[in-house]
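Got the viewer open? Let's walk through this structure one selection at a time.

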Amino acid sequence: MLTVVVMLFCSFIDFNKAFDSVYYWKLFNKLLNDNTDANVAGTLAYWYSNQQICVRWLDSTSNYFTTGNGTRQGSVLSPYLFCRYISELLAELSCSGIGCNIGGMLVNALAYADDLVLLAPSWRALQQLLDILQKHINTIDLTCNVKKSVCMIFRPRHSSEVVSSCFPCFRLGCKILQFVTEFKYLGHVINNSLTDDDDVRREICNMFVRTNILLRRFVKCIRDVKVIFFKTSCICLYNVALWSRYNLRSMNKLMACYNKCVIMFFGYKRRDRVTEMLFNLRLPSFLTILHNSLITLNRCWFNCYNELVIHLGAILK
């Protein structure tokens with residue numbers, strides 16, 4: 001029997017000081033249970049148990065002290081260690097069988113380091129996932145920040161398919177989670193209307209901010225140096241390849257913002273021709289940036305798919 005879900009319930013979970021709450025010895029035991037090389041686990045254990053930390057405030061520095069938990073913020077290794085720390089939680093959510101079914105695959109949790117999203121096709125299903133989450137995090141010394149953990153409902157496009165316009169609040173333990181209409185997840189603004197206009201506006205604001213920073217700091221540099229700075233700061237548009245549903249007016253505003261930032265930073269006049277200006281600076285047009293981002297995303301997706309097929313083929317053999 002094929003069931004089509006027309007509503008989606010999700011919860012964006014925020015952990016209280018996630019990396020700082022990782023208990024060392026539980027983490028090291030998990031690594032050893034995974035048959036991690038004992039030398040690697042021993043090195044990490046010695047490293048973390050013997051590190052010393054101090055607090056710096058202006059020109060003053062506190063005495064050094066040791067800590068018994070927490071992975072380093074900004075470390076390349078920390079996201080991997082945290083994912084291993086909560087892997088049993090993710091496995092328990094997956095084995096529950098509760099959540100959305102996409103192409104025969106259960107999808108009920110999306111985790112990127114400490115950024116966790118729970119997905120369910122009904123109110124009751126999401127509440128059950130939240131109960132599993134609350135029960136498990138108590139065993140690994142983690143807590144959730146209920147002030148920053150929120151819920152969102154994605155309703156169908158057609159009003160005739162709406163089951164209800166009002167639902168009870170979700171609970172995480174004894175705390176109530178608030179409903180929101182938009183949320184920034186991994187830097188991308190998601191709203192319950194499934195449009196990207198809010199994220200386009202975010203990118204417009206960010207581009208103006210970055211350009212103003214460049215103007216204050218590097219306005220007197222030579223043109224070749226300014227081109228390098230501009231390419232580094234303003235051409236890498238975050239998540240632009242993921243935009244699929246947006247108003248053409250919003251995209252035109254972003255294009256105008258890009259052209260205006262070039263004019264501001266390089267000292268051109270408003271009446272100067274944009275094509276000639278970009279050609280002289282050897283900068284890509286906005287449409288070229290958008291096209292290149294889409295091509296890059298498709299290439300990465302295709303390569304990931306090929307690697308997955310090869311991996312599955314090796315397992316089946």
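Begin by selecting lysine 30 and tyrosine 85: the charged end of the lysine sits over the tyrosine ring, 5.8 Å from the ring's centre. Keep in mind as you look that this is a predicted model.

For another lysine over a ring, jump to lysine 226, which lies over the face of phenylalanine 265 at 4.9 Å from the ring centre.

**Zoom out**

Now show the whole chain as a cartoon. You should be able to trace 10 helices and 14 strands. Along its principal axes, the C-alpha trace spans about 65 × 65 × 50 Å. The chain has 317 residues, and 35% of them count as buried. If you switch on a surface, about 20100 Å² is exposed, with carbon and sulfur atoms supplying 57% of that area. Among contacts in the chain with a separation of 6 or more, 69% are between residues 24 or more positions apart.

**The open sheet**

Next, colour the strands of the six-stranded sheet. In what order do the strands lie? Reading across, you get β8-β9-β1-β10-β12-β11, an open sheet with mixed pairing. Its edges are β8 (109–112) and β11 (170–172), each of which pairs on one side only. Going from one strand to the next, the twist averages 30 degrees. As a reminder of what holds such an arrangement, strands of a sheet pair through backbone hydrogen bonds, either parallel or antiparallel.

You can see both kinds here. Select β10 (residues 150–154) and β12 (residues 175–179): they run parallel and are joined by two bridges. Valine 150 has glutamine 178 of β12 as its bridge partner, and cysteine 151 stands opposite phenylalanine 179 in that strand.

Then move over to β11, which runs antiparallel to β12, with three bridges between them. Phenylalanine 170 is partnered there with leucine 177 of β12. Follow the backbone round the hairpin of β11 and β12, where two residues lie between the strands, and stop at glycine 173, which takes a positive phi near 70 degrees.

Now add helix α5 (residues 123–137). This helix lies across β1, β9 (115–120), β11 and β12, and runs at about 10 degrees to β11.

**The aromatic rings**

Hide the cartoon if you like and show the aromatic side chains. How many aromatic pairs does a search of the whole structure find? The count is 19. One of them is phenylalanine 12 with phenylalanine 183, a stacked pair at 4.5 Å centre to centre, with 20 degrees between the planes. Phenylalanine 12 is in strand β1 (residues 8–13) and phenylalanine 183 is in strand β13 (residues 182–185), so their pairing ties together parts 171 residues apart in sequence. Is each partner buried or partly exposed? Phenylalanine 12 is buried, with a relative accessible area of 4%, while phenylalanine 183 is partly exposed at 22%.

For a tilted pair, select phenylalanine 28 and tyrosine 48: their ring centres are 6.4 Å apart and their planes are at 45 degrees. Phenylalanine 28 belongs to helix α1 (residues 24–33) and tyrosine 48 to helix α2 (residues 38–50), so this pair links parts 20 residues apart in sequence. Both residues are buried.

For the last stop, select Phe9, Trp123, Phe167, Phe170 and Phe179 together: these form one aromatic cluster. You have met two of the names already: Phe170 as the bridge partner of leucine 177, and Phe179 opposite cysteine 151.

Definitions and conventions:
Residues numbered from 1 in each chain as written. Predicted model: local features only at pLDDT ≥ 70, side-chain atom pairs only at ≥ 80, totals over all residues. Heavy atoms only, no water. Phe/Tyr/Trp six-rings, centres within 6.5 Å; stacked < 30°, edge-to-face > 60°. Helix = DSSP H or I, 4+ residues; strand = E, 2+ residues; numbered from the N terminus. Buried < 20%, exposed > 50% of the residue type's maximum accessible area, 1.4 Å probe, protein only. Lys NZ or Arg CZ within 6 Å of the ring centre and 35° of its normal. Pairing = 2+ DSSP bridges. Axes fitted to C-alpha atoms, helices over the stretch in contact; angles between N-to-C directions. Contact = heavy atoms within 4.5 Å. Areas by Shrake-Rupley, 256 points an atom, 1.4 Å probe, with all protein chains shown as cover.
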